[in-house]
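Open your viewer and get the selection box ready. We will hop from residue to residue, then step back for the whole chain.

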Amino acid sequence: LQQMKEEAEKAGVAVLMGYNKNVCKYVRKTREFAETVPGSHVTFVSNNAYENTPESLGECFERNAEGMLKNMAIHELALLVSFYDVTVENIESVTADKEFSSMQTLPGPSGKEFTDFDKIKFTIKTKTGKEVSVAADRCGGTDSYATVTDANGEEVFRYWMPDEEDKKTVQELQAKYPTAMPYFFTQDPDYVTVKERVAKNTVTGEEAEGVATIAIAVETLRVAEYLTPVLMEQLK
């Protein structure tokens, strides 16, 4: 990906990425609300709907062997890189929530063992004074959301994906594609937004607002590679 970024820069070509949560309604509304609360703290929460069994999680770990932070939680990390000044060089500290988090070593369908997080929560503080948290749970359900807490740690805002407006679309898609993973449906409106903004950028040159660039993607992967061993060490 780094080589692709360099080639694109040499050719003067903009490369845009499909990190759907960068354009999510719940992300935008959460960020806007947080700006109105002095001393606010944002937590982005991502859920999947795997069964909480060794068989289900073992299959998940093997099929997504790059690990949770490069897979499920990569979208949240892209938010941190895009909107919270998070880079490997700018991370002052990362702290795992040990009470929430869980790491397991499980055999996949091949019989080979894989070690990964089945759920993880952590807080990053940056050298430039920003602080933000991420939580991800493979067995947490189909919905993602974000919260805002005030300076006293009290939750003052929560916005879900999908919201009431999008739930009708989710129900229609579930009926049309009954064998697909449930979280595909909740994310469908956001991927439509990404595609529309990228298409408009291609045709008119108008900025694809919020859509991540390849530079964001490279840094996001660097952050994931940095965090994974740090968090695993904290959970031992």
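Is Ser46 buried or exposed? Select Ser46 and look: Ser46 is buried, with a relative accessible area of 3%. On this scale, buried means under 20% relative accessible area, exposed over 50%, and partly exposed in between, with a 1.4 Å probe and protein chains only.

Before going further, a word on the ground rules. This is a predicted model, in which local features need pLDDT of at least 70 and side-chain atom pairs count only at pLDDT 80 or more, while totals for chains, interfaces and linings use all residues. Residues are numbered from 1 along each chain as its sequence is written, and side-chain values use heavy atoms, with hydrogens and water left out.

**Stop 1: around Ser46**

Ser46 sits in strand β1, residues 41-47. Helices (H or I, at least four residues) and strands (E, at least two) are DSSP runs, numbered from the N terminus. Now add Lys21 to the selection: its side chain makes a polar contact with the side chain of Ser46, at 3.3 Å. A polar contact here is a pair of N or O atoms within 3.5 Å; within protein, one must be able to donate a hydrogen and the other to accept it, and residues adjacent in sequence count only if both atoms are side-chain atoms. Setting aside neighbours within four places in sequence, the contacts of Ser46 include Lys21, Met72, Glu76 and Asp137. Contact means heavy atoms within 4.5 Å.

**Stop 2: Phe44 and the cores**

Next, select Phe44. Beyond its neighbours within four places in sequence, Phe44 is in contact with residues including Val27, Leu79, Tyr84, Val132 and Tyr145. Phe44 also belongs to the largest nonpolar core, which has 47 residues; Phe44, Leu69, Ile120, Phe122, Leu227 and Leu231 touch the most other members. Helix α7 (residues 214-235) gives this core its largest share, nine residues. Apart from this core lies another, of seven residues, among them Tyr50, Leu57, Cys60 and Leu106. A nonpolar core is a set of buried Ala, Val, Leu, Ile, Met, Phe, Trp, Tyr and Cys residues joined through side-chain atoms within 4.5 Å.

**Stop 3: helix α5**

Select residues 164-176, which form α5, and colour Asp166, Val170 and Leu173: these residues are buried. Why do they share a side of α5? They cover an arc of only 65 degrees around the axis, which puts them on the same side of the helix; the arc is that of the directions from the helix axis to the C-beta atoms. The buried residues of α5 pack against α2 (25-34) and α6 (182-204). Rotate to the face turned away from the buried side, and you will find the exposed residues Glu164, Lys168, Gln171 and Ala175. Finally, zoom in on the start of α5, where a side-chain oxygen of Asp163 reaches to within 3.0 Å of the backbone nitrogen of Asp166.

**Stop 4: four loops**

- Ala14: go to the loop between α1 (2-11) and α2. Ala14 is exposed, with a relative accessible area of 66%.
- Asn71: this residue is in the loop between α3 (54-63) and α4 (74-83). Its side chain makes a polar contact with the side chain of Arg138, at 2.8 Å.
- Asp85: look in the loop between α4 and β2 (91-96). Its phi is near 60 degrees, a positive value in a residue other than glycine. Asp85 is partly exposed, at 37% relative accessible area.
- Ala208: the loop between α6 and α7 holds this residue. Ala208 counts as buried, at 8% relative accessibility. Leaving out neighbours within four places in sequence, Ala208 is in contact with Leu16, Arg197, Val198 and Asn201.

**Last stop: the whole chain**

Zoom out to see seven helices and seven strands. From the N terminus on, the elements run α-α-β-α-α-β-β-β-β-β-β-α-α-α. The radius of gyration, taken over C-alpha atoms, is 18 Å, close to the 18 Å that the globule rule (2.2 Å times the number of residues to the power 0.38) gives for 236 residues, so the chain is as compact as a globular protein of that length. Of the 236 residues, 46% count as buried. Turn on the C-alpha trace, and its atoms fill a box of roughly 50 × 45 × 40 Å, taken along the principal axes.
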